[in-house]
Amino acid sequence: GLAGCIGAFASSLVLERSRGTLARLRLAPITGAHLLAGKGLACFLAAMMVQALLIGMAVVAFGSTVAQPAMLAVACVAGAFAFSGIAMLIAGICRTEAEANGAGRGAILILAMIGGGTIPIFFMPPLLRTLSYGSPFRWVVAAIEGPFWRDTAPADQVMPLVVLAGIGLLGFLVGMRGISRPFGR
């Protein structure tokens with residue numbers, strides 16, 4: 001669900017940029033950072049809704065119980081922030097909608113696979129386990145499964161939450177820099 005949010009919002013932002021809509025919006029008395037924050041907020045809210053839907057399905061349809069609801073909410077916020085930052089990063093570095101779709105989906109699929117999206121990390125060979133630390137999917141899974149199933153101590157949740165916040169912040173900063181640069185065709 002989070003990967004879908006990344007693809008949809010990155011593509012739409014690149015499309016607006018390539019069609020000139022973003023340039024027209026920049027004529028408004030707001031900064032590029034405000035524009036990117038607005039787009040990021042929309043992506044963030046969509047990611048929150050996707051997570052709420054999936055958690056709701058797990059609870060209602062499968063009878064799952066949430067061990068720490070407040071910590072789960074914090075983990076969902078951190079995950080949505082990180083993935084909306086990644087969407088802004090992809091939108092900032094891609095020049096065309098095709099690039100955003102192709103490169104974005106390709107990168108996201110690879111990150112999902114090494115982050116535990118195809119097989120659990122503990123089944124991976126040592127090299128892939130090490131590489132998984134570079135995947136935001138590893139961190140969002142750790143942040144969400146801790147309070148959902150494992151009843152993890154709050155101190156053990158700090159690392160995934162900090163990493164997700166860093167990923168989101170880095171994504172927004174790189175995206176803002178990329179969105180503000182001219183195309184230079």
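## Around helix α8

Let's start in the middle of things: the buried residues of α8 are covered by a set of elements that includes α1 (2-19), α2 (21-25), α3 (32-62), α4 (69-93) and α7 (136-150). Bear in mind that this is a predicted model.

Which residues of α8 are buried? They are Gln157, Pro160, Leu161, Leu164, Gly168, Gly171, Phe172, Gly175, Gly178 and Ile179. As for the spacing in a list like that, an α-helix has 3.6 residues a turn, so residues three or four places apart point the same way.

The length of α8 works out too. It runs over residues 154-180, and at 1.5 Å a residue those 27 residues should span 39 Å; the end C-alpha atoms are 39 Å apart, so the two agree.

## The overall fold

Zooming out, the protein chain has eight helices and zero strands. Reading along the sequence, you get α-α-α-α-α-α-α-α.

Take the contacts in the chain with a separation of 6 or more: 74% of them are between residues 24 or more positions apart.

## Size and packing

The C-alpha trace spans about 50 × 35 × 30 Å along its principal axes. A compact globule of 185 residues would have a radius of gyration near 16 Å, and the protein chain has 17 Å, so that agrees. Of those 185 residues, 39% count as buried.

## Surface and charge

About 9,800 Å² of the protein chain is exposed, with carbon and sulfur atoms supplying 73% of it. On the charge side, there are 13 positive and 6 negative side chains, and the centres of the two sets lie 13 Å apart.

Notes: Residues numbered from 1 in each chain as written. Predicted model: local features only at pLDDT ≥ 70, side-chain atom pairs only at ≥ 80, totals over all residues. Heavy atoms only, no water. Helix = DSSP H or I, 4+ residues; strand = E, 2+ residues; numbered from the N terminus. Expected span 1.5 Å × (residues − 1). Buried < 20%, exposed > 50% of the residue type's maximum accessible area, 1.4 Å probe, protein only. Contact = heavy atoms within 4.5 Å. Rg over C-alpha atoms; globule rule 2.2 N^0.38 Å. Areas by Shrake-Rupley, 256 points an atom, 1.4 Å probe, with all protein chains shown as cover. Lys, Arg positive; Asp, Glu negative; His and termini not counted. Charge placed at Lys NZ, Arg CZ, Asp CG, Glu CD.
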